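Trainee: I've just opened this one and I'd like a close look at a single part. Could you walk me through the open sheet and the side-chain contacts around it?

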Amino acid sequence: QVQFVESGGGVVQPGGSLRLSCTVSGSIFSGDVMGWYRQVPGKQRELVAHITTGGYTNYANSVKGRFTISRDNAKNTMYLQMNSLKPEDTAVFYCNAVQSLWTGRALYDSWGQGTQVTVSS
């Protein structure tokens, strides 16, 4: 059974930084495109960044230039460095493998508990 454990969220002022971590159980991690998703109440979960097994990365326009995704296959862990945070980044952040880069659809139906990021002065 796949399990995702996200951590690193918190409350930060606008312009601040946070680093999120995602630990994945099982052998799926090294062979999958991995992604960070975020969700705000009343809206669908959206893919904000993804990274391939070879380290190619891509970002949603809303976070490009501010967020950096990385992965450590040996540790089954993925990271999201978030800089220059804005109030509109406030959301619960989740990780999952990515099934479709076109639609952002996640590969697995099971999700972790997520980690709350709140950007507020």
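Mentor: Sure, let's start with the sheet and then go through the side chains.

A word on ground rules: this is a predicted model, where local features need pLDDT of at least 70, side-chain atom pairs count only at pLDDT 80 or more, and totals for chains, interfaces and linings use all residues. Residues are numbered from 1 along each chain as its sequence is written, and side-chain values use heavy atoms, with hydrogens and water left out.

Here's the sheet. It is open, has six strands in the order β2-β10-β9-β4-β5-β6, and its pairing is mixed. Strands here are DSSP runs of E with at least two residues, numbered from the N terminus, and two of them pair if DSSP finds at least two bridges between them. At the edges you'll find β2 (10-12) and β6 (57-59); each has a single partner strand, so one side of each is left without a neighbour in the sheet. On average, neighbouring strands of this sheet are turned by 25° against each other, direction ignored; the axes behind that angle are lines fitted to C-alpha atoms.

Now zoom in on β10, residues 115-119. Strands of a sheet pair through backbone hydrogen bonds, either parallel or antiparallel, and β10 gives you an example of each. With β2 the sense is parallel, over three bridges, and glycine 10 has valine 117 as its bridge partner there. With β9 the sense is antiparallel, again over three bridges, and phenylalanine 93 stands opposite threonine 115.

Look at the side chains along β10 too. In a regular strand the side chains alternate between the two faces of the sheet. In β10, Thr115, Val117 and Val119 point to one face and are buried, while Gln116 and Thr118 point to the other and are not. Buried means under 20% relative accessible area, exposed means over 50%, and partly exposed is in between, using a 1.4 Å probe and protein chains only.

Next, the aromatics. Rings of Phe, Tyr and Trp (its six-membered ring) pair if their centres lie within 6.5 Å; planes under 30 degrees apart count as stacked, over 60 as edge-to-face and the rest as tilted. That rule gives three aromatic pairs. Take phenylalanine 4 and tyrosine 108: their ring centres are 6.2 Å apart and their planes are at 50°, so the pair is tilted. Phenylalanine 4 is in strand β1 (residues 4-7) and tyrosine 108 in the loop between β9 (91-97) and β10, so this pair ties together parts 104 residues apart in sequence. Phenylalanine 4 is buried, at 5% relative accessible area.

Tyrosine 37 and tryptophan 111 make another pair, with ring centres 5.2 Å apart and planes at 90°, so this one is edge-to-face. Tyrosine 37 sits in strand β4 (residues 34-39) and tryptophan 111 in the loop between β9 and β10, 74 residues apart. Tyrosine 37 is buried at 2% relative accessible area, whereas tryptophan 111 is partly exposed at 29%. Together with Tyr94, these two form one aromatic cluster.

Arginine 45 joins in here. A charge sits over a ring if NZ of Lys or CZ of Arg is within 6 Å of the ring centre and within 35 degrees of the ring normal. Arginine 45 lies over the face of tyrosine 94, at 4.0 Å from the ring centre, and it also lies over the face of tryptophan 111, at 4.0 Å from that ring's centre.

Last stop, the salt bridges. A salt bridge is a side-chain nitrogen of Lys or Arg within 4 Å of a carboxyl oxygen of Asp or Glu, and the structure holds three. Arginine 38 meets glutamate 46 at 2.9 Å, N to O; arginine 38 is buried at 7%, while glutamate 46 is partly exposed at 34%. Aspartate 89 also bridges to arginine 38, with the closest N and O atoms 2.9 Å apart. Aspartate 89 lies in the loop between β8 (77-82) and β9 and arginine 38 in β4, so that contact ties together parts 51 residues apart in sequence. Aspartate 89 forms a salt bridge with arginine 66 as well, at 2.7 Å between the closest N and O atoms. Both aspartate 89 and arginine 66 are buried. Through shared partners, Arg38, Glu46, Arg66 and Asp89 are joined into one network.

Technical notes: Helices (H or I, at least four residues) and strands (E, at least two) are DSSP runs, numbered from the N terminus. Axes are lines fitted to C-alpha atoms, for helices over the stretch in contact, and angles run from 0 to 180 degrees between N-to-C directions.
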